[in-house]
Amino acid sequence: MGLTAIETAAVEHARSAPMLGQVEAWVAVNSGTRNLSGLTTMAGLLSDAFAALPGDLDLIDPAPVDAVDTGGNVQPIAHGQHLHLRVRPDAPVQMLFTGHMDTVFPADHAFQTATWLPDGRLNAPGAADMKGGIAVMLAALKAVEASPAAARFGYEVVINSDEETGSFASAALIARAAQGKVAALTYEPALPDGTLAGARGGTGNFSITVRGRAAHAGRNPEDGRNAIVAAADLALRLNAAKGADLAVNPARIEGGGPNNVVPNLAILRVNFRPQSPEAIVRAAAAVDTAAVEIAALHDVHIHVHGGFNRPPKPLDPGAERLFHLVKQAGADLDIPVAWKATGGVCDGNNIAACGVPVVDTMGVRGGAIHSADEFMIPESLPERAALSALTILRIIERGHP
């Protein structure tokens, strides 16, 4: 359909933004989810960068979150602040833009520095997931702000500090920001060939504490209640709940002690990947039933902590329209756009659960994320910024995807 003069100007504006320098500066900061000092530094850098946009920018304190420690005790976990920007809340077209400043690499991880690979890719912690995507988001928004369409365009930006561990401290903030939005774009990386994530399954994480009774392993084992054995039995029963629409991964059993002691404590960590709301119901029932049965069979006490924090994200008609709008924008920029279902999860799951159409892989092209081989394709910075800017302009023009 070709580009209008306004679209052409915005695309060129987005492409010319100094994104690579931003990414190189941002990946030099370790912002692992548990590195509060690094997250503070990162939040400051992002605040400075996003101050170029109009509106009210704040750093929001994280919501309280707790977790089960290795002693089986529920303890609070500290998180970093989240960046929140609100622009023109009374404008007729409202959108949501999200990203995350945290990475999976803790402060003591060996992967801390950027390296240019011989083929021109940037190997760096968080380059693709998702500091490159944040630079793309900012470039696109600045381009739209420079266009005549900006007056009709309001939006919120949420860049959270805990996406990599499930967004427990930011889920409520994202849900509030999603209210009243006609569409959302999230800047997780696309695949190296540009393929986007379409439908996503959901996820749930549980820490199940089993408390038995300690005893001498040789003198009076019959007086003990072996928590490790009970936890193993529990893992087998939960694993049996898996099916075509539900993956179950009993990931770890912690606890136990010397070989001559019947262990009185075990913590089972288990992850569920449901593909449908019905699978969530079935998995939750499996947890409840197994906990009751194992407690009775092994004469132990069981405490279940956790839940399903990311619902499945099917492609409903609203999401289909948004994907096709992005595809048409890509076609007009000579950028092939396709999508496919994935087993991964992200904040796009939670946004979709709010009834807001979302494309959640609008970030850079890259790969090997969550590993020391993570890379970003730098040519994708101007490419994806242009794609985002054009997508936003067309949503503003239509009033909806």
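Me: What makes Asp 299, just after H7, stand out in its backbone?

Reply: Asp 299 takes a positive phi of about 55 degrees, directly after H7. A word on the ground rules: this is a predicted model, where local features need pLDDT of at least 70, side-chain atom pairs count only at pLDDT 80 or more, and totals for chains, interfaces and linings use all residues. Residues are numbered from 1 along each chain as its sequence is written, and side-chain values use heavy atoms, with hydrogens and water left out.

Me: Why is H7 called a helix, and how does its reach compare with the expected span?

Reply: Helices are DSSP runs of H or I with at least four residues, and strands are runs of E with at least two, numbered from the N terminus. H7 covers residues 277–298, which is 22 residues, so the helix minimum is met. The expected span is 1.5 Å times one less than the number of residues; H7 reaches 32 Å from its first C-alpha to its last, close to the 32 Å expected.

Me: How do you know which side of H7 is buried?

Reply: Buried means under 20% relative accessible area, exposed over 50%, and partly exposed in between (1.4 Å probe, protein chains only). Among the buried residues of H7 are Ala 279, Ile 280, Val 287, Ile 294 and His 298. The buried residues of H7 cover an arc of only 125 degrees around the axis, so they sit on the same side of H7. That arc is taken from the directions from the helix axis to the C-beta atoms. The face turned away carries exposed residues, including Glu 278, Val 281 and Asp 288.

Me: Why is Arg 200 called buried?

Reply: Its relative accessible area is 9%, and the limit is under 20%, so Arg 200 counts as buried. Arg 200 lies in strand E10 (residues 196–200).

Me: What makes the pairing of Arg 200 and Asp 360 a polar contact?

Reply: The term needs a pair of N or O atoms within 3.5 Å; within protein, one must be able to donate a hydrogen and the other to accept it, and residues adjacent in sequence count only if both atoms are side-chain atoms. The side chains of Arg 200 and Asp 360 are joined at 2.9 Å, so the distance cut-off is met. The Arg 200 side chain also reaches the backbone oxygen of Gly 344 at 3.2 Å.

Me: Why is Ala 368 called partly exposed?

Reply: Ala 368 has a relative accessible area of 34%, which falls between the buried and exposed limits, so partly exposed is the right label.
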